[in-house]
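Here is a protein chain to explore at your own pace. Take a look at the model first, and then we'll walk through it piece by piece.

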Amino acid sequence: MTWSEMQPLLSQACWDTLYMVGWSTLIAIVGGLPLGVLLVLTDRGGLLQNVLANRVIGQVVNIARSMPFIILMVALMSFTRTITGTTIGREAAIVPLAVGAIPFYARLVEMSVREVDHGLVEAVQSMGGSTWKTVRSVLVPEALPSLISGATTTIVALIGYSAMAGTVGAGGLGDIAIRYGYQRFETGLMWITVAILAVVISVLQFGGDFAARSLHRRAARTGPLLLFRPLRGGAPGTAGTHSAGTGTAGTDTVKPGTVAADAVRKG
């Protein structure tokens, strides 16, 4: 097979792979982020402690993660047909890809959120912050570098899953590698496909790592949650008191109108 014959096949396959991975990643983040946060909130000592709910959710996530993707695709065929009207093609592949990626990313989110300094959570709650406000203002922003790294890992895994989905008619680079490279003995085309996958994964991994490191360095420069610094120390030139305007030293009341108080009030 000449390059002029390979080029249109590879172009369409690359687009199909990016289409499947892009949509399934978006769905995985939308579904996995709240699920992972919920696993933390409902755990022992969490803001929404509910041991039974935590165990049920955790068990469902574990079962979904333990299922091999090829078996998951077959098991979800009826559900996929209900959603997309077919079990073949890139749209149909998005369903099992997303279902398999949601619990995968949820566990990564759980690990990232657990690393957040609990003192910051207590600071928000001491100022009357609600659970939603704590999640939005502390847990997610502080865990953002790790969340981006987790999303990058998820994307890389989905690229591998999409190649596997190509073996059952989903299209993409995996379909080209199997249908032409293996079944028609076009070894050169198969290795080109492998090289494209390696390049795509390397670029995505580099971009994700760069974004995560940039956010981490920014957090290191500004300190954790700059807007809550009034809780940790007084204004310049004071002895570390947190006055509420009464002139009493050593109190921990946040002065109305400060950045921290405004952040809690506005949400």
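Let's start with one residue, Ser-24, which is found in helix α1, residues 3–41. Keep in mind as you look around that this is a predicted model. Is Ser-24 buried or exposed? It's buried, with a relative accessible area of 0%. Since the cut-off for buried is under 20%, Ser-24 clearly counts. Its side chain has a polar atom 3.1 Å from the backbone oxygen of Val-21. And which residues does Ser-24 touch, once you set aside its neighbours within four places in sequence? Those are Ile-94, Leu-97, Ala-98 and Leu-158.

**The overall layout**

Now zoom out. The chain has 10 helices and 0 strands, so reading from the N terminus you just meet α after α. There are 267 residues in the chain, and buried ones make up 35% of them. If you take the contacts with a separation of 6 or more, 68% of them are between residues 24 or more positions apart. As for the outside, the accessible surface comes to about 14,400 Å², and carbon and sulfur atoms account for 64% of that.

**Two nonpolar cores**

Next, the inside. The largest nonpolar core has 23 residues, and the ones touching the most other members are Met-20, Phe-69, Ala-93, Leu-97, Ala-165, Ile-176 and Leu-189. Which elements give two or more residues to this core? They are α1, α3 (69–75), α5 (90–114), α7, α8 (173–182) and α9 (187–222). The top contributor is α1, with 6 residues.

Phe-69 is a nice one to click on. Leaving out neighbours within four places in sequence, Phe-69 is in contact with Pro-96, Leu-97, Tyr-161, Met-164 and Ala-165. Apart from this core lies another one, made of 17 residues, including Val-40, Val-109, Val-113 and Val-124.

**Helix α6 and its buried face**

Val-124 also turns up in helix α6, which covers residues 118–126. Four residues of this helix are buried: Leu-120, Val-121, Ala-123 and Val-124. Why do they line one face of the helix? Looking down the axis of α6, you'd find the buried residues within an arc of 155°, so they sit along one face. Here's the handy background: an α-helix has 3.6 residues a turn, so residues three or four places apart point the same way. Part of what covers the buried residues of α6 is α7, residues 131–165.

The two ends of α6 are worth a look too. At the N-terminal end, Asp-117 acts as a cap, with a side-chain oxygen 3.0 Å from the backbone nitrogen of Gly-119. After the helix comes Gly-128, which has a positive phi, near 85°.

**Salt bridges**

The count of salt bridges comes to 6. Here are three of them, with the distance between N and O atoms.

| Residue | Partner | N to O distance |
|---|---|---|
| Asp-16 | Arg-90 | 3.1 Å |
| Arg-90 | Glu-91 | 3.2 Å |
| Glu-110 | Arg-107 | 2.5 Å |

The pair of Asp-16 and Arg-90 links distant parts of the chain: Asp-16 is in helix α1 and Arg-90 is in helix α5, 74 residues apart. How accessible are the residues involved? Asp-16 counts as buried, at 11% relative accessibility, while Arg-90 counts as partly exposed at 21%. Arg-90 also pairs with Glu-91, and Glu-91 is partly exposed, with a relative accessible area of 37%.

Glu-110 and Arg-107 make another kind of pair to look at. Both lie in helix α5, 3 residues apart, which is about one turn of the helix. Both are buried as well. They belong to a network of salt bridges that links Asp-43, Arg-107, Glu-110 and Arg-114.

**A loop residue to finish**

Last stop: Thr-42, in the loop between α1 and α2 (51–66). Is Thr-42 buried or exposed? It's buried, with a relative accessible area of 5%. Not counting residues up to four places away in sequence, Thr-42 touches Leu-48, Gln-49, Asn-50, Val-51 and Asn-54. Try finding each of those contacts in the model yourself.

How values were computed:
Residues are numbered from 1 along each chain as its sequence is written. This is a predicted model: local features need pLDDT of at least 70, side-chain atom pairs count only at pLDDT 80 or more; totals for chains, interfaces and linings use all residues. Side-chain values use heavy atoms; hydrogens and water are left out. Buried means under 20% relative accessible area, exposed over 50%, partly exposed in between (1.4 Å probe, protein chains only). The arc is that of the directions from the helix axis to the C-beta atoms. Contact means heavy atoms within 4.5 Å. A polar contact is a pair of N or O atoms within 3.5 Å; within protein, one must be able to donate a hydrogen and the other to accept it, and residues adjacent in sequence count only if both atoms are side-chain atoms. A nonpolar core is a set of buried Ala, Val, Leu, Ile, Met, Phe, Trp, Tyr and Cys residues joined through side-chain atoms within 4.5 Å. A salt bridge is a side-chain nitrogen of Lys or Arg within 4 Å of a carboxyl oxygen of Asp or Glu. Accessible areas come from the Shrake-Rupley method with a 1.4 Å probe; for residues, only the protein chains shown count as cover.
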